[in-house]
Structures are given as structure tokens and as C-alpha cells.
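These are my notebook entries on a structure that I looked through one part at a time. I wrote down what I looked up, in the order in which I came to it.

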Amino acid sequence: MSDAPPGSCGLPLLGETVQFMAAIHRGRGFYDFVQSRRLRYGNCFKTNIFGITQVFLSSTASAKMILNNESGKFTKRYIRSIAELVGDHSILCASQQHHKLLRTCLGNLFSTASLSKFTRQFDESVVQSLEGWGDGDIVIILNEALEITFKAICGILIGLEDGDELKTLQKDIDCICKAMLALPLRLPWTRFRRGLQARERIMRTLETITSERRHRGISQDDFLQHLLALIEKAYCDVDLPRLTDGEIKDNILTMIIAGQDTTASAITWMVKYLGENQKALDILRAEQLHFAKRISPGSRLSLEDLSQMPYASKVVKESLRMASIVPWFPRLVLQDSKIEGYQLKRGWTVNVDARSIHLDPSVHTNPHEFNPSRFDDESKPYSFLAFGMGARTCLGTNMARAMMLVFLHRLVTSYEWEVMDSDSTLEKWAMFSRLKNGCPVMVKRLADHTTPV
Ligand code: HEM
């Protein structure tokens with residue numbers, strides 16, 4: 001094909017899988033594989049990973065065409081190993097038609113009422129965690145953020161906030177996340193096999209919780225209860241949208257995976273960027289201390305409070321732009337099509353390379369500079385893709401923002417911190433851009449903090 005995208009599809013059968021896996025093993029993470037080819041070939045190139053031709057695109061115009069998908073030529077596609085780990089009924093794997101039903105049913109978790117309740121609970125949890133930090137302690141931000149976000153998300157989804165069951169669940173989720181980038185080999189002791197076994201254990205736990213709710217009349221004010229009630233109601237009203245048990249379990253697992261690691265990683269990068277940018281931190285602290293004086297001491301933050309933090313919101317956005325937690329978004333090509341002058345074939349996967357767009361100097365001035373004020377002006381279309389765009393945009397956008405803002409408020413109004421290790425090496429095998437050192441910081445209580453936690 002003369003107008004095929006540039007790039008190499010590597011060896012027959014193997015493609016460039018070996019190079020991709022090697023990049024995962026190196027400290028700069030799997031994105032290095034994409035970046036080096038982008039530098040060599042430009043905004044559009046092709047490769048072959050796991051036997052599938054993959055095209056990477058990194059212009060705002062191609063992002064619009066693919067994510068908006070007005071032509072209907074693209075659909076979401078994950079590699080088979082990821083689909084097996086999250087389950088066939090997951091919203092991540094759903095066909096276009098079924099996706100709408102799933103999004104309607106799952107959308108309730110992100111209603112204003114649900115997020116309001118979540119924000120207060122999350123604030124309580126952050127306050128408790130921060131209270132445990134002593135003056136001069138070295139705190140690993142990633143570990144703290146993983147624990148707090150996991151507890152909060154499991155609490156709102158399945159009412160599990162403490163105890164051994166939660167710890168086991170966290171270990172199993174970690175195991176699944178690490179298996180997502182592994183070769184899909186089912187041999188004993190392979191990373192992938194361990195991920196599948198962890199998935200089975202989680203499915204059994206969710207089954208037990210569901211059956212206790214149904215047969216022992218145990219009721220909780222959480223999302224699982226809401227989904228089970230929808231099934232009950234749907235027996236009387238056939239038009240009501242409802243999920244099967246398999247869909248409920250796969251999607252609860254999906255939301256834990258999609259919500260915890262991403263948000264905890266984002267919080268970690270945010271603390272690092274601020275720790276290394278005194279000017280932005282000073283503006284932020286002034287805004288937040290001023291805000292703290294307006295709320296009664298000891299009260300918990302509300303969703304409404306979070307809408308009154310303009311600079312903090314820009315800090316969140318800028319951290320997400322620079323970190324690009326989900327670096328690219330894959331889509332399956334349903335029909336032969338043309339993009340950027342290149343021919344795409346049906347069956348290929350196209351990946352919108354959000355990270356390249358976030359760091360493109362023609363899209364964002366001085367892209368490597370941490371500058372929240374860049375968002376004072378309206379952004380160019382499709383230039384900020386941290387949560388994706390279009391029909392498959394992140395369902396948890398507002399929940400993630402709420403968690404980041406709450407954490408930020410409590411941190412800057414209670415502590416000063418110094419980043420103890422500025423190494424930006426990424427963790428190997430992590431599905432999302434995650435700092436290997438977890439961002440160790442030395443914390444010091446603010447002398448006259450106005451919001452005693
Ligand atoms: C900072 C944190 C987060 C980031 C950066 C993030 C990023 C993203 C991105 C980029 C996508 C779209 C991928 C694509 O188009 O292929 C996505 C989808 C999704 N996210 Fe998030 N996310 C975050 C937090 C959350 C949270 C807290 C939840 C829920 C608890 C969540 C649930 C989901 C779900 C269910 C989808 C699939 C939506 C669909 O296919 O319709 N995310 N996320």
C-alpha cells in the first residue's frame with residue numbers, strides 16, 4: 001500500500017512485540033516505545049504488537065476524528081489480555097449498542113447526589129490519614145494515595161472500607177493491573193496467569209457479597225445495592241434498564257481498576273510538580289488558606305466547596321496534562337479509512353497518542369513547564385485529553401477531580417513538604433504512568449494552619 005503510514009511492522013508474527021516488552025522493562029516505561037518512533041516517523045506511524053497492526057496518531061485533528069467518531073468507523077478496542085482480565089461484560093469491552101445501556105446504569109454512581117456524599121466521605125478519610133503524619137516524617141505519597149482512594153472507591157461501590165477482605169482485594173487488584181501488560185501466557189506462575197487467578201478470587205468475593213445481600217437481607221447504602229435494586233424493579237417494569245449479575249461484577253471490578261490507580265498516580269504527580277514549583281504552590285496555598293477561613297473548622301468539604309477553588313482546579317488540570325496518566329486510547333478500525341493522508345485498514349488498531357498532544361509545543365506553549373495559569377484562557381479543541389473525549393470519555397471524571405481537589409486542599413492547608421527524591425523513573429509493568437519511587441516527601445506541619453484537620 002503506497003500511502004500506508006510510515007513505520008516498521010517488525011518480524012513476521014512477532015512484529016515489534018519484543019521491543020515493546022523491552023520498553024516496559026526499562027525505567028522510562030512503555031511510552032518510550034511510542035515516543036522514539038514518533039520522533040523518527042512523525043505524527044502518524046505504524047507498528048505491530050501482539051500480532052496486531054497498531055497505528056499511533058498524535059495531532060488534535062486526528063484525535064477529533066477518532067474520538068468523536070462521527071463517521072462510525074472506529075470502536076473501542078483493548079488487547080485480548082486486558083479484556084480477559086476485566087471481563088467480557090466490562091464497559092471497556094462493550095459493543096457500541098450495549099455500551100449505551102451500561103453507561104446509563106453505571107452513570108448513577110456519578111450523579112450529583114452520589115458525588116456529594118462521596119466527597120464528604122473522602123474528605124473524612126483524607127483528614128484521618130493526614131492526621132497520622134508527624135512533623136519531619138518521610139511520606140511516600142503514592143502509597144498514601146493508593147490506600148485512601150482504594151478505601152473510598154470500594155466503600156462507595158461495595159461498602160467495603162476496612163478489614164482483611166479489603167487488603168486481600170487490594171492485593172488482587174494490583175496483581176490484575178500488573179498482568180495487563182504481560183504476554184498472555186497461561187502457564188503456571190506467569191504474570192498473566194496470576195492476574196487471571198486474582199480475577200477469579202475477586203469474582204468469588206463479589207458473588208458472596210451479592211448473595212448475602214439477596215438471601216440474608218443485608219442492605220447497604222452503596223452502588224452494588226443500587227444495581228441490585230434495579231434488577232428487582234425491572235421484574236415489575238420490563239422497560240427499566242438493568243444489568244445481569246455478570247455485568248455487575250465485571251463493571252465493579254472495572255471501576256475499581258479504572259478509578260484507583262489512575263487517581264492515586266495523578267495525586268502523586270501533582271504533589272511532585274507542586275513540590276518542585278514554589279511559585280505555583282504559593283498561589284495555591286494563598287487561595288486555599290483564604291478558602292479555609294470561610295468554612296467552619298472541623299467541617300467536611302462539600303461538592304459545592306470544590307467549585308470555588310479556581311486555581312486548585314487549574315493545578316489539577318495542569319498535573320493531568322503533564323502526567324498523561326492514560327497515555328493513549330486504542331480504537332479498532334471498522335472500515336478502511338483515510339486519516340492524515342494515510343490509509344488505515346479494517347482490523348487495525350488506531351491509538352490516539354494523548355501524551356504527545358499534551359507535550360506538543362505547537363499545542364501548548366512551553367509544554368514541559370508546570371504552569372496552571374495556561375488554563376486561564378480557553379484551551380484549543382482536543383488539546384486536553386486526560387479523561388479522553390467523545391462517547392467513551394471517562395465516566396469518573398468528576399469523581400477523580402473531587403478526590404484530587406480534596407487531597408490538595410487538606411495537604412496545602414496543613415503541611416509544607418519537600419520532595420526527597422526527584423527521580424521521574426516510571427514503575428515497570430504499570431498500566432498507567434506511575435512514579436517508581438512513589439514520590440517520597442518530608443512533611444512539616446504548617447505553623448499556623450487555619451484548618452486543623
Ligand atoms: C485521574 C484519574 C483518572 C484518569 C486520568 C482517567 C482517565 C480515563 C480515560 C483517558 C478514559 C478514556 C479512555 C479511552 O477513551 O479509551 C477513561 C475511561 C473510563 N474511566 Fe477514567 N480516569 C480516571 C479516574 C476514573 C475514576 C475515579 C473512575 C470510576 C470510579 C473511572 C472510570 C472510568 C470508566 C468506567 C471508563 C470507561 C468509560 C467508557 O468506556 O464509556 N475513571 N478514564
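Entry 1, the sheet. I began with β4 and β10, which pair in the antiparallel sense over 3 bridges. Looking up one residue of this pairing, I found that V139 has V441 in β10 as its bridge partner. I noted at this point that I am reading a predicted model, and I kept that in mind for every later entry.

I then turned to the other neighbour of β10 (residues 440-445), which is β9, and found that 5 bridges join these two antiparallel strands. Here I looked up Y415, whose bridge partner in β10 is R445. Putting the pairings together, I wrote down an open sheet of 3 strands in the order β4-β10-β9, with antiparallel pairing. The edge strands are β4 (138-140) and β9 (415-419), each of which pairs on one side only. From one strand to the next, the twist averages 40°. I also looked for what packs on this sheet, and found α11, which touches β9 and β10 and whose direction makes about 85° with that of β9. As a general reminder to myself, I added that strands of a sheet pair through backbone hydrogen bonds, either parallel or antiparallel.

Entry 2, two helices. Since α11 had come up, I followed it to another contact, the one with α8. The axes of α8 (residues 163-179) and α11 (residues 245-275) come within 11 Å and cross at roughly 90°. The two helices, α8 and α11, are therefore roughly perpendicular to each other. I listed the residues that meet there, which are I173, I176 and C177 in α8 and I256, I257 and D261 in α11. Sorted by class, this contact of α8 with α11 has 5 nonpolar, no polar and 1 charged residues.

Entry 3, the ligand. Which residues come nearest to the ligand? Of the 25 residues around the ligand, I found that G259, F329, G388, C394 and G396 come nearest. The elements that give two or more residues to this shell are α11 and α16 (397-414), and α11 gives the most, with 7 residues. By class, I recorded 16 nonpolar, 6 polar and 3 charged residues in the shell around the ligand. I also checked which domains take part, and the shell draws at least three residues from each of domain 1 and domain 2.

Entry 4, the two domains. The domain assignment gives domain 1 as 1-87 + 326-358 and domain 2 as 88-324 + 359-445. Their C-alpha centres lie 26 Å apart, and the contact between them takes 31 residues from domain 1 and 45 residues from domain 2.

I looked further at the side of domain 1 that touches domain 2, where α1 (17-25), α3 (60-68), β3 (74-76), α4 (80-86) and α15 (354-358) each supply at least two residues. The element that gives the most to this side is α4, with 7 residues. The residues of this side of domain 1 divide into 14 nonpolar, 11 polar and 6 charged.

Closing entry. Reading back, I see that α11 appears in several of my notes, since I met α11 packing on the sheet, crossing α8 and giving residues to the shell around the ligand.

Technical notes:
Residues are numbered from 1 along each chain as its sequence is written. This is a predicted model: local features need pLDDT of at least 70, side-chain atom pairs count only at pLDDT 80 or more; totals for chains, interfaces and linings use all residues. Axes are lines fitted to C-alpha atoms, for helices over the stretch in contact, and angles run from 0 to 180 degrees between N-to-C directions. Helices (H or I, at least four residues) and strands (E, at least two) are DSSP runs, numbered from the N terminus. Angles under 35 degrees count as roughly parallel, over 145 as roughly antiparallel, 65 to 115 as roughly perpendicular and the rest as oblique. Two residues are in contact if their C-beta atoms, placed from the backbone, lie within 7 Å. Ala, Val, Leu, Ile, Met, Phe, Trp, Tyr, Cys and Pro count as nonpolar, Asp, Glu, Lys and Arg as charged, and the others, Gly among them, as polar. Domain bounds come from an automatic or database domain assignment. A residue is near a molecule or strand if its C-beta atom, placed from the backbone, lies within 6 Å of it. Two strands pair if DSSP finds at least two bridges between them.
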